[in-house]
Amino acid sequence: FLQDSIDILPKRLRAVVAGRFTRIGYDAAPFAQNFNDLTGQASLSWNPKEWLGVHVLVGRGFRAPNLNDLGALG
């Protein structure tokens with residue numbers, strides 16, 4: 001998991017980006033299965049006034065499979 005933020009305009013505009021790589025595997029022959037995925041998120045926060053804030057978020061939800069999920073597939 002990696003995350004970083006930057007203040008583009010101090011106390012007015014802030015950007016946040018994050019990413020996660022997930023790998024899960026079950027390697028017992030003959031049912032070997034692996035799952036890899038990369039997910040991310042980006043957000044922008046803008047405060048045009050001291051009492052007003054606007055937040056925009058773009059992301060992808062993700063739940064890594066567990067061994068029960070992998071067993072149900074095969």
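Which residues have side chains that meet in a salt bridge at 3.3 Å, N to O? They are D7 and R14, and this pair is a good place to start a tour of what is a predicted model.

**Strands 1 and 2**

D7 and R14 are linked in a second way as well: R14 is the bridge partner of D7 in strand 2. The strands around them, strand 1 (residues 2-9) and strand 2 (residues 13-26), pair in the antiparallel sense over 7 bridges. The hairpin they form has 3 residues between the strands, and in this hairpin K11 takes a positive phi near 65°.

How many of the 8 residues of strand 1 are buried? The number is 0, so strand 1 lies largely in the open. I8, which lies in strand 1, fits that picture: its relative accessibility is 44%, so I8 counts as partly exposed. In strand 2 you can find a residue with much less open surface, since T22 lies there and is buried, because its relative accessible area of 13% falls under the 20% limit for that class. The side chain of T22 also joins that of R20 in a polar contact of 3.5 Å.

**Strands 3 and 4**

Further along the chain, strand 3 (residues 33-49) and strand 4 pair in the antiparallel sense, again over 7 bridges. The hairpin that joins strand 3 to strand 4 runs through 2 residues. Here K49 has L52 of strand 4 as its bridge partner. Strand 4 itself, residues 52-59, is hardly covered, with a count of 0 buried residues among its 8.

**The two salt bridges**

The structure holds 2 salt bridges. You have met D7 and R14; in the other, the side chains of R60 and D37 meet at 3.0 Å, N to O. That pair links distant parts of the chain, 23 residues apart: R60 sits in the loop between strand 4 and helix 1 (67-73), while D37 belongs to strand 3.

How open is each of the four partners? The table sets them out.

| Residue | Relative accessible area | Class |
|---|---|---|
| D7 | 43% | partly exposed |
| R14 | 38% | partly exposed |
| R60 | 46% | partly exposed |
| D37 | 14% | buried |

For D7 and R14, both ends of the salt bridge are partly exposed. The R60 and D37 salt bridge brings together a partly exposed arginine, R60, and a buried aspartate, D37. The reasoning for D37 is short: its relative accessible area is 14%, and a residue under 20% counts as buried, so D37 belongs to that class.

**A nonpolar patch on the surface**

Which residues make the nonpolar surface patch of about 1000 Å²? They are I6, I8, L9, L44, W46, W51, L52, V54, V56 and V58. Strand 1, strand 3 and strand 4 are the elements that give two or more residues to the nonpolar patch. The largest share comes from strand 4, with 4 residues.

Some of these names will be familiar by now. I8 is one of the patch residues and is the partly exposed residue of strand 1 described above, at 44%. L52 also belongs to the patch, and L52 is the bridge partner of K49. As for the strands behind the patch, strand 1 has 0 buried residues, and strand 4 has 0 as well.

How values were computed: Residues numbered from 1 in each chain as written. Predicted model: local features only at pLDDT ≥ 70, side-chain atom pairs only at ≥ 80, totals over all residues. Heavy atoms only, no water. Buried < 20%, exposed > 50% of the residue type's maximum accessible area, 1.4 Å probe, protein only. Pairing = 2+ DSSP bridges. Salt bridge = Lys/Arg side-chain N within 4 Å of Asp/Glu carboxyl O. Patch = residues over 30% accessible without salt bridge, like charges linked within 9 Å, V, L, I, M, F, W, Y side chains within 5 Å. Areas by Shrake-Rupley, 256 points an atom, 1.4 Å probe, with all protein chains shown as cover. Polar contact = N/O pair within 3.5 Å; in protein donor to acceptor, adjacent residues only side chain to side chain.
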